[in-house]
Structure formats: structure tokens, C-alpha cells
There are 2 protein chains.
Amino acid sequence: MTRQASLEVLARAHVGRLACAQENQPYVVPFYFTYHSDSLYSFATVGQKIEWMRSNPLVCVEMDEVVSPEEWVSVIVFGRYEELPDTPHYEAERAVAYNLLQKKAMWWEPVYVKTTQHGTQRPLVPVYYRIHVAQITGHRATP
Amino acid sequence: MTRQASLEVLARAHVGRLACAQENQPYVVPFYFTYHSDSLYSFATVGQKIEWMRSNPLVCVEMDEVVSPEEWVSVIVFGRYEELPDTPHYEAERAVAYNLLQKKAMWWEPVYVKTTQHGTQRPLVPVYYRIHVAQITGHRATP
């Protein structure tokens, strides 16, 4: 697939799998994102994923559209994590991630409920971040 | 979720995302597998994924069952890659992976066709492997 066709898959996708790594141990989780201007914007509470990406910003994102075993698209991004701190400099970028949070609040809610129910100390303040797309490749299977 | 409940998700899943890493660069791809006796069995042609796992056997696998944004299960495995070479010692283990290949041959076929169509030299001999489950965690959201 061309870079343009792969970017189009990215632009219409909203859920993918985000992989990070620490000391050569990879870690992969599902995540929601929104694509804007060569970056994937998202948010999370502080936890293993954020801590690992803070210490090693190299990440990989996979997303796919599966119609059937013979008809699917899979796009893989190599990218770099960048946190969007609460400063005037990042105001516009944070707004993009915040809009996603607003749209996905319903989905996010259970995480909040679970966290408090189990009485853990994890702070609920969302961390906003983006993944810069450094390299993108796509594969398509057609029947 | 209990370890047992997480293992049950694994046992009924057949597709997941496999993350490997090299020099702290993670890489994640979708893959088919079959769960058998504390391991995930699968196969692939030699390529980036196999080469990276050969050089660093630490991997992570994520699989999920999503009913709706409020109702989903996500299971994450930290594991270790082990290749199943064509020797008498690995005969039984290779059979488990081979059964999966037989079931998924239809799905695999496009890869074969694509590989030859583009005239690349990638050998088609499948590499059989398993991922030993070292650690498993699961999260469930209920409406």
C-alpha cells in the first residue's frame, strides 16, 4: 500500500494497539486515538504504559480493518512518544487530545470506576500525549 | 480477573497482537494462535517478526473481546518465544502449530500469493513457534 493509502486508514481508525518497550521487554495494549497532522493523539492515566514511554519514547502502533479472513487491511506505525504537558505552549495540541477524551468519556468511565473501587492510589489526572508518525507501512489482502 | 478467567479468554481466542522488540524499538503485528498447555502456538514465514524474536525472545501478546465500549475483556501476556525446529524432539509441538496452519490456510494463502507476485526471495517455509506464558493479566469492563 502507498503511504497515502496507509495514512487514510489511520485517519479513519479510532482504536489500535500501542506497543512500548523497556529493557527489551515489549508491552502492548489497546488504545483510542485521533489522527491529526502526522500524529496520533491520545490520553491515559499514569500507569505502566505512560511510565515506560516516558523512559523510552520509541513505540509501535498497529491498526486493522478486518472484513473477512480474505479481506483486510493492516497498518503499522513506528513512532515517537511526546507528552503534552499543561503549559501554554501545548494548549492547541492538548485540545486535540481533550476532544477525543470528551468523545470517549463513556468508554473511559469504567476505568475510573474500577480504579476507585479497588481503592488504589493511582491519580486520575489524564496524561495527554501524541505519537509522531516516523514510518508507516500497510498491507491489504483482497479476495 | 483471576488467572484462570484470563486463561479461559486465551483458550477461546484465535487472533491477538504480538509485540516483540529489538534495541528498545517495539514492533506489533496481528497473529493467529492456538492455546495449548500454557503456551500459544503459531507459525510465520521468516521476516522481521521472526528475526527480532530470534534475537530477543521477550514478547507480549494482547487479545480482547469487545462487545461494546462498556463491555469488553482484555488479556495481556508476557511471554518467551521458542522456535519449534524440524527435529524429532519437537514433533508433537510442531503438530499443534501445524493443525493451526491447516485451519488457517485459507487466511494464510494471500500472503503466499503476494510474496510470489512481488518476486521477492522470501522463502515460504513456515517457521513454527510457541510463546510460553510467563505472566498473564486480564481486565474486564461490565455495563
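The following questions and answers cover a predicted model of chains A and B.

Residues are numbered from 1 along each chain as its sequence is written, and chains are lettered from A in the order in which they are written. Because the model is predicted, local features need pLDDT of at least 70 and side-chain atom pairs count only at pLDDT 80 or more, while totals for chains, interfaces and linings use all residues.

User: In what order do the elements of chain A run from the N terminus on?
Analyst: Helices (H or I, at least four residues) and strands (E, at least two) are DSSP runs, numbered from the N terminus. Chain A has 4 helices and 7 strands. Their order is α-β-β-β-β-α-β-β-α-α-β.

User: How are the strands of the sheet in chain B ordered?
Analyst: Two strands pair if DSSP finds at least two bridges between them. β2 (25–32) and β3 (34–36) of chain B each have a single partner strand, so they stand at the edges. The sheet is open, has 7 strands and pairs in the antiparallel sense, in the order β2-β1-β5-β6-β7-β4-β3.

User: What is the bridge partner of B:A21 in β2(B)?
Analyst: Strand β1 (residues 15–22) of chain B runs antiparallel to β2(B), and 8 bridges join them. The bridge partner of B:A21 is B:P26.

User: What angle does the direction of helix α3 of chain B make with that of β4(B)?
Analyst: Axes are lines fitted to C-alpha atoms, for helices over the stretch in contact, and angles run from 0 to 180 degrees between N-to-C directions. Two residues are in contact if their C-beta atoms, placed from the backbone, lie within 7 Å. Helix α3 (residues 91–103) packs on the sheet of chain B, touching β2, β3, β4 (39–44) and β7. Its direction and that of β4(B) make an angle of about 60°.

User: Is B:V73 buried or exposed?
Analyst: B:V73 lies in strand β6 of chain B and touches B:V9, B:D64, B:E65, B:G138 and B:R140, leaving aside residues up to four places away in sequence. A residue is buried if 20 or more other C-beta atoms, placed from the backbone, lie within 10 Å of its own, exposed if 12 or fewer, and partly exposed in between. B:V73 has 20 C-beta neighbours inside 10 Å, so its class is buried.

User: Which residue of β7(A) stands opposite A:L40?
Analyst: Strand β4 (residues 39–44) of chain A has 5 of its 6 residues buried. β4(A) pairs with strand β7 (residues 127–141) of chain A in the antiparallel sense over 6 bridges. Opposite A:L40 stands A:I131.

User: What relation do chain A and chain B have?
Analyst: Copies are superposed by least squares on the C-alpha atoms of residues with pLDDT of at least 70 in both. A turn of 180° with a shift of 0.0 Å along the axis lays chain B on chain A with an RMSD of 0.0 Å. That is the relation of a two-fold axis.

User: Which element gives the most to the side of chain B that touches chain A?
Analyst: The contact takes 25 residues from chain B and 25 residues from chain A. On the side of chain B, β1, β2, β5, β6 and α4 (105–117) each supply at least two residues. With 6 residues, the element that gives the most is β2(B).

User: How many residues of that side of chain B are nonpolar?
Analyst: Ala, Val, Leu, Ile, Met, Phe, Trp, Tyr, Cys and Pro count as nonpolar, Asp, Glu, Lys and Arg as charged, and the others, Gly among them, as polar. The side of chain B that touches chain A has 4 polar and 4 charged residues. Its nonpolar residues number 17.
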